[in-house]
Amino acid sequence: MTHAIVARQPGGPEVLQLAEVDRPVPGPGQVLMKVTATGVNFIDTYQRSGTYKVSYPFTPGSEAAGAVEEVGEGVTTLAPGDRIATAEGSRCYAGYALVDEAKALPVPDGVDDFTAAALPLQGITAHYLINSSFRVEPAHTVLVHAGAGGVGLLMIQLLKAKGAHVITTVSTDEKAQLAREAGADHVLRYEGFAAKVRDLTDGAGAHVVYDGVGKDTFDGSLASLRIRGMLVLFGAASGPVPPFDPQRLNAGGSLSLTRPTIVHFLRNAQERRWRSDEIFSAAANGSLKVRIGARYDLAEAAQAHSDLEHRLTTGKVLLVP
Ligand code: NDP
């Protein structure tokens, strides 16, 4: 037996209950990972609340790191004791989780297990957003919302490494300090941010806006763009964006809008290796700092969700079984 968080219906954080469950058995092409730490991500809250449909009983969690305990039939590249992480797991709010061999990321020396659990999902997200959803170049001015969040702090650092000019938004002084330490050139509050972005760009606006906040920022994000700029809407921390008239893209200056999701940017082994190697090697050599803002016992998963949803966290939130 082992422990896992189980939700029996959608609802608030309180539906996340610790339960005793059977230890999973790896099927063909899978490994059983003994979890050292699990990453909490905003998508887990959408699934818990019913915004995204799941089946019950439901154990959240697609991100974790740990060690291979057992291998299933046909597994050739992993052996018991190997350190792995994943951004594409399932039921990771648990002491043990099954991981497909193809989706297990080897953890390099120099990256500890907590960092390994903190990095894959938000790191790969930051990587695909700035390299593939829109390819950022040194001359670009970029607006990133929620700059002290998990994705935000990583994206600011990766954008500065590319030489871009980075403007970000945050809600508190403490978060502003963290965003500045990550390298942001300008840190704004949300109120009136579009006008401030225009002031900072001689009236032109940003080349690209990365918006994971959604409902509350969407209009201002469009208004922050220069002619032919792109809005990359990648999340809905404040709620989903209501239906939208495409004519607004014309009026705003022949703008583009995309709504990407990570699964379409991990299409094959080569793409997975490219993104994960770049972020893990940057973490290993210290050029990418991974802030773990909070660690909770697995049993406190409800508190972790509540804190994330109430904007009380910075950087990565981890659960420790
Ligand atoms: P964060 O750590 O960034 O937490 C969310 C932050 O959003 C908060 O800390 C808060 O920062 C800001 N925020 C603004 N308004 C609200 C609000 N009303 N309620 C809650 N938070 C608010 O989370 P993650 O880094 O895990 O995720 C960031 C976004 O990226 C999420 O929308 C998530 O769904 C999305 N995402 C998308 C992926 C994809 O592939 N499309 C993959 C991974 C994440 P502040 O207080 O400074 O405003």
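## Exercises on contacts, salt bridges and backbone angles

Arg272 is buried, at a relative accessible area of 9%. The cut-offs for relative accessible area are these: buried is under 20%, exposed is over 50%, and partly exposed is in between, with a 1.4 Å probe and protein chains only.

The model is predicted, so local features need pLDDT of at least 70 and side-chain atom pairs count only at pLDDT 80 or more, while totals for chains, interfaces and linings use all residues. Residues are numbered from 1 along each chain as its sequence is written, and side-chain values use heavy atoms, with hydrogens and water left out.

**Exercise 1.** Find the salt-bridge partner of Arg272 and say where both residues lie.

*Solution.*
- Step 1: A salt bridge is a side-chain nitrogen of Lys or Arg within 4 Å of a carboxyl oxygen of Asp or Glu.
- Step 2: The partner is Glu88, and the closest N and O atoms of the two residues are 2.6 Å apart.
- Step 3: Glu88 sits in the loop between strand 5 (83-86) and strand 6 (96-100), and Arg272 in helix 9 (residues 269-284), so the pair links distant parts of the chain, 184 residues apart. Helices (H or I, at least four residues) and strands (E, at least two) are DSSP runs, numbered from the N terminus.
- Step 4: Glu88 is partly exposed, with a relative accessible area of 23%, whereas Arg272 is buried.

**Exercise 2.** Describe the salt bridges of Glu70 and of Arg248, and name the network that includes Glu70.

*Solution.*
- Step 1: The whole structure holds 13 salt bridges.
- Step 2: One of them joins Glu70 to Arg23, with the closest N and O atoms 3.1 Å apart.
- Step 3: Glu70 belongs to strand 4 (residues 64-71), and Arg23 to the loop between strand 2 (17-21) and strand 3 (30-40); these distant parts of the chain are 47 residues apart.
- Step 4: Both ends are partly exposed: Glu70 at 31% relative accessible area and Arg23 at 34%.
- Step 5: Arg248 pairs with Asp219, the closest N and O atoms being 2.9 Å apart.
- Step 6: Arg248 is in helix 8 (residues 247-251) and Asp219 in helix 7 (residues 218-223), so this pair ties together parts 29 residues apart in sequence.
- Step 7: Arg248, at 34%, is partly exposed, and Asp219 is partly exposed at 47%.
- Step 8: Arg23, Glu69 and Glu70 form one network through salt bridges that share partners.

**Exercise 3.** Which residues come nearest to the ligand, and what makes up the shell around the ligand?

*Solution.*
- Step 1: A residue is near a molecule or strand if one of its heavy atoms lies within 4 Å of it.
- Step 2: There are 29 residues around the ligand, of which Tyr128, Ser171, Lys175, Tyr190 and Gly212 come nearest.
- Step 3: The shell divides into 15 nonpolar, 10 polar and four charged residues. Here Ala, Val, Leu, Ile, Met, Phe, Trp, Tyr, Cys and Pro count as nonpolar, Asp, Glu, Lys and Arg as charged, and the others, Gly among them, as polar.
- Step 4: Helix 1 (42-49), helix 3 (120-133), helix 4 (150-161) and helix 10 (301-309) each supply at least two shell residues. Helix 3 gives the largest share, four residues.
- Step 5: The ligand lies between domain 1 (2-119 + 290-320) and domain 2 (122-262), because both give residues to the shell. The domain bounds come from an automatic or database domain assignment.

**Exercise 4.** List N or O atoms of the protein that lie close to oxygen atoms of the ligand, then say how much of the ligand is buried.

*Solution.*
- Step 1: A backbone N or O atom of Gly212 is 2.7 Å from a ligand oxygen atom.
- Step 2: For a backbone N or O atom of Ala236, the distance to a ligand oxygen atom is 3.2 Å.
- Step 3: In Arg311, an N or O atom of the side chain lies 2.8 Å from an oxygen atom of the ligand.
- Step 4: The ligand taken alone exposes 910 Å², and the protein buries 93% of that. Accessible areas come from the Shrake-Rupley method with a 1.4 Å probe; for residues, only the protein chains shown count as cover.

**Exercise 5.** Locate Pro57, Arg91 and Asp202 and describe their backbone geometry.

*Solution.*
- Step 1: Most residues other than glycine have a negative phi, and most peptide bonds are trans.
- Step 2: Tyr56 and Pro57 are joined by a cis peptide bond, with omega about 0 degrees. Pro57 is in the loop between helix 1 and strand 4.
- Step 3: Arg91, not a glycine, has a positive phi of about 55 degrees. Arg91 lies in the loop between strand 5 and strand 6 and is partly exposed at 46%.
- Step 4: Asp202 also has a positive phi, near 50 degrees. Asp202 is in the loop between helix 6 (193-200) and strand 11 (206-211) and is exposed, at 78%.

How values were computed. A polar contact is a pair of N or O atoms within 3.5 Å; within protein, one must be able to donate a hydrogen and the other to accept it, and residues adjacent in sequence count only if both atoms are side-chain atoms.
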